[in-house]
Amino acid sequence: MADQLYLENIDEFVTDQNKIVTYKWLSYTLGVHVNQAKQMLYDYVERKRKENSGAQLHVTYLVSGSLIQNGHSCHKVAVVREDKLEAVKSKLAVTASIHVYSIQKAMLKDSGPLFNTDYDILKSNLQNCSKFSAIQCAAAVPRAPAESSSSEKFEQSDLQVSSETQANNELTTNGHSPPTSKQILQQPKGIMGMFASKAASKTQEANKETKTEAKEVSSAGNKAPGKGNVMNNFFGKAAMNKLKVNLDSEQTVKEEKIVEQPPVSVTEPKLAAPTGLKKPSKKAEPVKMQQKEKKRGKRMELSDDETKETESMKKKRRRIKLPESDSSEDEVIPDSPGDYEAESPSPPPPASPPPEPVPKTEPEPPSVKSSNGEKRKRKRVLKSKTFVDEEGCIVTEKVYVSESCTDSEEELKMKTSSVHRPSAMMVKKEPKEERKGPKKGTAALGKANRQVSITGFFQRK
Amino acid sequence: MFSEQAAQRAHTLLSPPSASNATFARVPVSTYTNSSQPFRLGERSFSRQYAHIYATRLIQMRPFLVSRAKQHWGAGVQIKKLCELQPGEKCCVVGTLFKAMPLQPSILREISEEHNLLPQPPRSKYIHPDDELVLEDELQRIKLEGTIDVCKLVTGTVLAVLGSVRDTGKFLVEDHCFAELAPQEPAPCLDTDRFVLLVSGLGLGGGGGESLLGTQLLVDVVTGQLGDEGEQCSAAHVSRVILAGNLLSHNTQSRDSINKAKYLTKKTQAASVEAVKMLDEILLQLSASVPVDVMPGEFDPTNYTLPQQPLHPCMFPLATAYSTLQLVTNPYQATIDGVRFLGTSGQNVSDIFRYSSMEDYLEILEWTLRIRHISPTAPDTLGCYPFYKTDPFIFPECPHVYFCGNTPSFGSKIFRGPEDQRVLLVAVPDFSSTQTACLVNLRSLACQPISFSGFGAEEEDLGGLGLDP
């Protein structure tokens with residue numbers, strides 16, 4: 001009786017669901033060997049035709065064999081409709097195999113839908129694509145993750161070593177993404193090459209860089225503990241180190257920017273005083289970046305020359321914007337939902353943490369983020385953000401928000417959070433303050449850090 | 001052959017399901033060595049001129065040519081350098097050919113304002129009756145005339161000419177000879193049939209859907225999903241698959257991002273991104289079942305100059321999980337089960353096609369074997385890295401199977417050399433247009449084309465299969 005189940009299944013697929021049932025699709029769906037699936041299809045066709053000769057079934061067959069063509073014995077493999085089957089068979093000198101390829105209710109004009117069906121089922125079973133196949137290969141074992149990542153690192157370090165012997169200051173032809181901290185050495189070297197006027201010898205450059213990096217490490221070290229306190233609670237040392245290293249790399253590039261920003265950030269705290277909520281969110285952001293990078297692990301971030309270019313373009317753009325908008329760059333833009341999830345549990349509930357000078361983390365987060373080497377689609381949009389501040393007041397303000405493509409999600413979450421608050425605070429009369437300016441969202445809302453604007457003092461008309 | 005062996009088993013699939021289904025084990029690779037080390041570039045410096053590669057080519061080839069000349073024209077033939085030539089004296093000179101072609105695209109002519117020329121449209125062949133041959137050696141050059149086929153030869157060939165210099169200052173050629181085949185190690189004797197599948201020009205991302213079904217059928221045959229037991233058993237004897245270039249279609253090379261304004265192309269994705277994802281899936285299916293070697297081609301995301309470096313594994317996150325996937329250089333050289341393979345993705349042959357009167361790709365392949373150089377036109381018309389120590393394109397030894405990819409049609413031939421060398425020449429056709437791949441039998445050193453087809457909307461009988469009576 002169990003044998004008959006497959007007949008019912010096929011019947012259901014073909015007649016009720018009107019699917020195109022190929023042998024491969026059947027094999028994955030029922031979890032059987034491909035040959036068995038082919039036999040099942042054949043059996044079904046025979047039975048159905050016997051019961052009901054007017055059955056509306058169209059069958060395609062696979063024929064393969066050899067024939068002489070242009071002096072060669074050419075092996076042909078073809079998918080043919082049932083009506084052409086005999087004709088094709090007769091043409092072949094030697095027939096190697098014939099079997100049912102697919103069954104469907106409607107007559108197919110061409111073999112495109114067959115491919116689509118196979119492709120779809122394959123996509124959903126990519127990891128065990130040869131499970132039901134008739135050939136098993138002993139050599140095809142997935143590499144252990146440690147092995148593959150170490151081979152990658154080896155390759156990269158290999159190229160790194162070889163490029164260091166180069167006299168001139170060029171990037172290696174294959175740009176390498178810097179997922180590992182080793183590669184950070186490469187990256188600043190390459191980018192420094194764009195800025196450096198002299199072509200010093202490679203070793204000297206390397207020394208210089210390590211010196212500057214050492215300098216930056218210490219300066220970063222001063223800055224990092226400031227924000228590191230909170231973060232250390234959530235994430236381990238590894239993340240901190242990564243964060244530092246990434247900071248370093250970005251700082252070598254943005255030395256000038258950093259000089260600009262501290263004076264800016266000094267004004268920041270005054271503007272931003274009550275909502276120290278921003279801080280954990282901001283801090284969480286860069287570390288989140290690291291976490292994401294860690295999570296990604298081998299997930300390739302292709303930073304080839306193009307992305308570096310766009311990064312530098314973005315950096316350049318940001319630099320220009322700096323004087324007019326007086327932003328310390330708070331645009332950390334996570335561009336995947338994963339980030340939101342990572343963030344929302346982590347920051348503490350909006351109790352008031354000690355207000356700290358709006359960091360010096362500000363230069364870092366955006367730079368950290370862009371060091372990811374990923375393309376982020378960002379646009380600055382003036383949006384109206386509603387959130388609850390420290391005192392429990394609902395605040396609505398218009399700020400520039402850099403939005404990524406997960407725009408709608410952000411909005412949705414914000415709306416839901418703002419809905420809760422009013423219900424809780426219904427007793428009080430909430431003054432709705434229209435405060436323009438550098439406001440950071442609450443933890444729940446603080447997905448995108450806001451652009452701080454020098455015109456925040458003034459009401460926007 | 002593949003089909004006959006496949007047909008030996010009884011047909012079992014047009015019958016009700018049987019209790020057990022046979023599974024075959026893929027033949028294990030007994031020996032494999034990748035000898036493409038000479039084509040791997042470490043640090044690259046482009047600050048050198050290309051004269052060095054010609055100099056080293058001549059130095060390396062001179063001994064071979066001298067011995068060949070002595071074989072052809074007797075041991076007493078005088079081998080002289082151009083500077084030592086006396087008028088009227090019959091002697092033999094070894095040098096590099098240069099073909100002066102008026103139609104050859106020249107960037108200097110194009111940008112020269114005094115000529116006011118529009119850029120020349122690309123042609124299929126740049127030969128012209130007015131082409132002239134010049135022989136160059138280390139110090140001098142001399143024009144050639146006489147019994148020498150100007151149309152057929154291309155720049156960069158090293159050869160020996162026999163003749164004498166005329167009073168006009170030109171060299172009158174009586175005969176010429178090439179370096180011919182390098183020495184060859186004897187092919188191993190295998191006891192079972194083993195196959196290597198050669199495919200090229202998958203052309204993913206090309207937009208045409210017909211070749212996708214063909215590609216899927218190919219993967220299914222190799223991985224043992226398609227076909228009856230006999231065919232699956234034969235497919236289990238395929239010990240390796242070599243993808244010889246042009247995995248992506250040339251449509252994916254859209255240069256919009258360079259030509260168009262940034263605001264127009266800001267959110268567009270390069271066409272190659274989707275194509276590489278598709279390629280990754282195909283490679284995953286293949287490498288889960290058979291060792292695969294992937295060579296880059298003209299339209300693939302790697303460097304342009306020969307030798308092309310392997311594609312980066314980060315592009316194939318799914319497939320690189322399997323150690324059976326190997327990303328190799330173009331040209332590619334390896335010893336598979338004792339049989340020496342050497343092949344390219346076809347840029348060398350198609351470049352010679354453009355500058356020579358030879359029409360058949362297989363003929364050109366044979367010719368490159370005879371002049372003992374994989375791509376003589378590099379670096380003149382084909383991009384090449386400025387080597388200076390050695391020219392890696394000279395054949396150090398003769399391979400057993402010599403292939404080139406992306407040819408317009410399938411071709412295969414056994415070529416015999418003067419010292420009893422036996423080479424199987426294979427012109428692997430472009431899969432996206434011909435739906436044909438090549439199966440090389442390592443035991444018999446024979447090649448069988450294997451082609452795939454679906455059915456289309458056209459009502460002609462069997463047209464798609466090429467089975468017209």
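**Figure 1. Burial and overall make-up of chain B.** Of the 469 residues of chain B in this predicted model, 57% count as buried. The chain contains 11 helices and 19 strands. Where residues at least 6 apart in sequence are in contact within chain B, 74% of these contacts join residues at least 24 apart. About 18,900 Å² of chain B is exposed, and carbon and sulfur atoms supply 53% of this area.

**Figure 2. An open sheet of six strands in chain B.** The strands follow the order E2-E13-E14-E15-E17-E16, and their pairing is mixed. At the edges of the sheet are strand E2 (32–34) and strand E16 (411–416) of chain B, each of which pairs on one side only. From one strand to the next, the twist averages 20°.

**Figure 3. Helix H10 of chain B against the sheet.** Helix H10, formed by residues 361–370 of chain B, packs on the sheet. The helix touches strand E15 (401–407), strand E16 and strand E17 (422–429) of chain B. The direction of H10 makes about 140° with that of E17(B).

**Figure 4. Pairing of strands E2 and E13 in chain B.** Strand E2(B) pairs with strand E13 (residues 332–336) of chain B in the antiparallel sense, over three bridges. Within this view, Tyr32(B) has Ile336(B) of E13(B) as its bridge partner. Strand E2 is also an edge strand of the sheet.

**Figure 5. The surroundings of Ser289(B).** Ser289(B) is located in the loop that links helix H8 (271–287) to strand E11 (292–295) of chain B. Its relative accessibility is 0%, and Ser289(B) therefore counts as buried. Apart from neighbours within four places in sequence, the contacts of Ser289(B) involve residues of chain A, namely Ile135(A), Cys137(A) and Ala140(A). From chain B, Arg26(B), Val222(B) and Thr223(B) are also in contact with Ser289(B).

**Figure 6. A nonpolar patch on the surface of chain B.** The patch is formed by Ile107(B), Leu108(B) and Ile111(B), which together have about 350 Å² of accessible area. Ile107(B) belongs to helix H3 of chain B, which spans residues 107–111. With a relative accessible area of 54%, Ile107(B) is classed as exposed, because the cut-off for that class is over 50%. Ser289(B), shown in the preceding view, is instead buried, with a relative accessibility of 0%.

Key: Residues numbered from 1 in each chain as written. Chains lettered and ligands numbered in written order. Predicted model: local features only at pLDDT ≥ 70, side-chain atom pairs only at ≥ 80, totals over all residues. Heavy atoms only, no water. Patch = residues over 30% accessible without salt bridge, like charges linked within 9 Å, V, L, I, M, F, W, Y side chains within 5 Å. Areas by Shrake-Rupley, 256 points an atom, 1.4 Å probe, with all protein chains shown as cover. Salt bridge = Lys/Arg side-chain N within 4 Å of Asp/Glu carboxyl O. Helix = DSSP H or I, 4+ residues; strand = E, 2+ residues; numbered from the N terminus. Buried < 20%, exposed > 50% of the residue type's maximum accessible area, 1.4 Å probe, protein only. Pairing = 2+ DSSP bridges. Axes fitted to C-alpha atoms, helices over the stretch in contact; angles between N-to-C directions. Contact = heavy atoms within 4.5 Å.
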